[in-house]
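Here is a short briefing on one protein model. The topics are its internal spaces and its metal site.

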Amino acid sequence: MPDQDANDGGGNPNAPRLFPPRMTRSQPQLATSYAPGAMFTWEGGKGACLAVPVDAAEIDFNARPTRRDQIIENLEEACQSWLARGMTIQRDAPVYETQLLDDCFHNPMRTGTASVEIATDKFQFMRPDRVGYLPGPLVYRCDICERVREYISPAHQFAEPLPEQCPSGEGRECRWRQLDVVYVHWSGELEGLSPYRYTQGRDGEIRKIPRCQCGAEDFRLIKQGNQFSLWRFRCTGCGAEREVYQTDPFSLYALKRHMDNGIPHQWSEINMVPISYRASPVFYVQSARFIVYDHDPEVVALMQPARQADLIAKIASLHGYGGSDPSDESIRAQLEAKGRGALWAGYAAMRAQEQIARAAGQTSQANAFAEAARITREGWYASGDVVIEPVATPELQAQVRNRHQLGYARRFDPMRSTVEHDALRRRKVDVASEAGNLRLAHAELCAEYGVRELEQAYQRRVGQDLTRAGIQDAYLVRNLDMVEFSFGFTRVSATPITVQKDRPMPVRLKGFPRLQNDRRPIFVIEQQNEAIYMRLDPGAVTAWLAANGVLPAPPAAPRTLGSVLIEDYADFGPFLQGFTVRDPASRVRTRDVPSLIYLLLHTMAHHVMHGISRFSGLDLGSMSEAVFPADLAFLVHRRGMTEDLGNISSMWRDHNGAFLDYLVARRELRCGSGTLCDHRGGACPACIMVPETSCIAGNQLLSRAALVGGRAPLWDNDQRHIRGYLEVIRDLRNAAAAGGRNT
Ligand SMILES: [Zn+2]
Ligand SMILES: [Zn+2]
Ligand SMILES: [Zn+2]
Ligand SMILES: [Zn+2]
């Protein structure tokens with residue numbers, strides 16, 4: 001609740017003003033609780049206000065266009081996912097896409113995913129520095145005479161102030177109070193508790209009729225108890241009573257004509273519901289966040305349909321697809337591009353000699369020239385002057401086509417994430433100034449730093465513990481660049497479906513109200529946070545996959561496990577539909593390399609989050625994760641919008657031993673709910689789950705069994721037990737020890 005002294009003029013709701021007064025709050029608050037459309041009350045109950053946008057400078061993304069592109073992409077994904085979830089509503093009457101998405105997110109000329117269209121010129125990127133507010137809704141009731149008065153604006157109220165005397169003739173003074181009950185609708189509308197109803201005229205227009213049928217304009221609000229269903233508006237003219245409800249103008253316009261044509265929509269879909277804004281939230285801000293890849297525009301660019309060939313080449317080079325020699329033209333171009341064009345002439349001469357010899361039938365001489373050219377090329381490959389052109393398999397080529405044609409869900413697309421992972425490694429993880437390798441002793445990450453024997457002991461111990469946990473790489477990333485942005489809001493429900501009167505209803509995702517220039521604000525907070533990056537041991541993962549019956553033979557080197565994952569990947573869907581199955585009859589998935597690797601990495605990421613939370617004091621809600629399945633890697637990061645105080649690095653420095661013990665301790669992976677949890681898929685809020693806002697996968701594809709063994713996931717057609725990753729590692733170590741004794 002805001003305090004009064006931040007109120008620069010809003011204390012007097014009678015004052016007309018051209019511009020709304022503004023208030024200053026922290027950026028995170030303005031981007032969330034006080035974002036435009038929010039309703040809040042001043043401390044001391046002095047009345048309610050609605051937050052409205054105020055014009056402010058646009059963020060200049062010209063120097064960082066990738067950041068802007070990433071916002072648009074993430075916004076698009078959020079809207080597509082919202083739409084897809086809302087359209088799953090099953091009921092007798094249809095759901096229309098416009099009931100789920102505001103115009104600024106939606107093109108009504110198309111349907112489905114393609115209908116999501118973010119017109120960038122309709123939005124303005126801003127920092128949440130200021131927001132305005134207006135008193136409202138302006139509906140008052142006199143405690144004495146029970147009359148209700150409604151104003152359409154503060155200026156209206158100024159022109160016609162509230163009467164001072166009750167009309168009863170007793171000479172009593174009115175005691176006016178702003179009504180703390182409002183009408184809301186899942187379409188995003190919010191209205192004061194007006195006695196006047198919206199109706200649709202014969203011309204189709206929606207109007208509010210500001211009087212009773214008898215012609216009188218004044219109503220009293222009779223409250224019988226606290227139940228709205230018992231409240232009545234009573235006309236002061238004819239005494240006729242009205243129930244406390246209002247029609248939602250948006251839904252009335254959208255649905256009434258269909259009802260008139262016999263489509264079984266119900267009035268419960270159109271009517272707003274009264275709600276006390278002191279008792280329940282009437283505003284849910286919608287936001288998204290992502291890791292920034294500013295320095296690598298290719299991370300976004302390679303995802304475009306026109307760049308498929310380049311994406312294939314990139315994945316092939318990242319995942320050990322063997323290469324072929326580039327053509328001579330390509331070699332020449334590559335050398336020139338690297339400023340080594342002078343090397344070309346000698347090589348070209350060798351190739352020319354080879355051709356002459358071959359034309360003359362001098363095979364052995366031709367082969368000698370060919371061999372000399374080959375040795376030259378190998379030298380260039382080794383020096384990096386020339387790069388081998390990787391050869392993609394037909395399976396990889398098909399997958400890159402599929403991700404466009406079948407519209408793979410962005411969030412789980414392993415091809416996208418492997419390109420992002422490559423950028424993350426190059427820009428953050430593998431750069432000494434950006435990240436600390438936790439296997440080595442660093443001044444700020446190792447309490448033993450400075451004493452050689454102690455440093456060695458640290459490195460030995462941490463190395464052994466990480467190996468025991470099946471973790472090959474562990475880094476502390478100091479400043480992970482992140483963007484968190486809020487782009488709109490909903491009412492009644494924070495999710496796309498709400499149930500009202502036993503009927504599922506679509507919740508409309510609304511853009512923020514327009515600025516003076518008619519654009520919608522998007523509030524952007526840029527931040528840097530600490531993160532822990534971990535990459536599992538490919539050998540251990542290979543053994544684990546084999547133990548669970550999904551990898552008959554490991555890929556031949558240099559091909560990576562990731563190449564198998566990418567080739568075998570079948571779209572997970574935007575909200576993991578196939579993995580939310582709870583009964584055998586509806587199973588559509590069978591464990592495979594992509595699903596098991598995701599299950600393992602995701603579970604491990606949550607386990608690490610719980611560990612950080614235990615030893616650092618950061619709560620689970622202030623962390624989040626990123627999973628890079630094809631690279632067997634994940635990232636757990638802080639996600640607070642306030643300054644990072646280094647909780648994760650001090651956790652590591654002070655408690656790395658306890659933290660690493662925690663990671664491999666079986667007892668830490670038991671659940672208090674016992675077998676009940678095991679039977680329900682090995683994940684529940686009492687164990688490995690994290691708050692919804694911290695999980696990138698809605699707490700799906702998650703099971704303690706992935707680490708310690710247990711029942712197969714409920715979605716899995718293959719119901720054999722899962723061998724735990726930590727069990728498989730222990731077996732490997734025991735086997736190695738036994739082998740060591742035997743030789
Ligand atoms: Zn009165
Ligand atoms: Zn009347
Ligand atoms: Zn549990
Ligand atoms: Zn998660």
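**Pockets, cavity and zinc site**

The second largest pocket encloses about 840 Å³ of space. The model is predicted. It also holds 1 cavity of 30 Å³ or more and a zinc ion (ligand 1) with cysteine donors.

**Second largest pocket**
- The lining of this pocket comprises 36 residues. Nearest its centre lie Pro137, Leu138, Glu150, Tyr151 and Ile152.
- Elements that each give at least two lining residues include strand 3 (48–52), strand 5 (130–135) and strand 7 (147–150). Helix 3 (154–159), strand 10 (190–192) and strand 24 (510–511) each do so too.
- By class, the lining has 18 nonpolar, 7 polar and 11 charged residues.

**Largest cavity**
- The volume of the largest cavity is about 40 Å³.
- Its lining is made up of Gln99, His185, Trp186, Ser187, Phe250, Ser251, Pro506 and Arg508.
- These lining residues split into 3 nonpolar, 4 polar and 1 charged.

**Zinc site**
- Four SG atoms lie 2.3 Å from the zinc ion (ligand 1): those of Cys142, Cys145, Cys166 and Cys174.
- Along the chain, the donors are spaced C-x2-C-x20-C-x7-C.
- Cys145 and Cys166 link distant parts of the chain, 21 residues apart. Cys145 sits in the loop between strand 6 (139–142) and strand 7. Cys166 sits in the loop between helix 3 and strand 8 (176–178).
- The arrangement is tetrahedral because the 4 donor atoms subtend angles of 101 to 121 degrees around the zinc ion.
- Cys145 has a relative accessible area of 13%, so it is buried. Cys166 is also buried, at 5%. The cut-off for buried is under 20%.

Note on methods
Residues are numbered from 1 along each chain as its sequence is written. Chains are lettered from A and ligands numbered from 1 in the order in which they are written. This is a predicted model: local features need pLDDT of at least 70, side-chain atom pairs count only at pLDDT 80 or more; totals for chains, interfaces and linings use all residues. Side-chain values use heavy atoms; hydrogens and water are left out. On a 1 Å grid over the protein atoms alone, a cavity is a set of points where a 1.4 Å probe fits but cannot get out, and a pocket is an open set with protein on both sides within 12 Å along at least five of seven lines; lining residues have an atom within 4 Å of a point. Grid points are joined across faces, edges and corners, and a volume is the space filled by probe spheres set on the points. Ala, Val, Leu, Ile, Met, Phe, Trp, Tyr, Cys and Pro count as nonpolar, Asp, Glu, Lys and Arg as charged, and the others, Gly among them, as polar. Helices (H or I, at least four residues) and strands (E, at least two) are DSSP runs, numbered from the N terminus. Donors are N, O and S atoms within 2.8 Å of the metal (3.2 Å for Na, K and Ca); water is not among the atoms, so sites may look incomplete. Four donors count as tetrahedral if all angles lie between 85 and 135 degrees; four count as square planar and six as octahedral if opposite donors are over 155 degrees apart and all others between 65 and 115; anything else is irregular. Buried means under 20% relative accessible area, exposed over 50%, partly exposed in between (1.4 Å probe, protein chains only).
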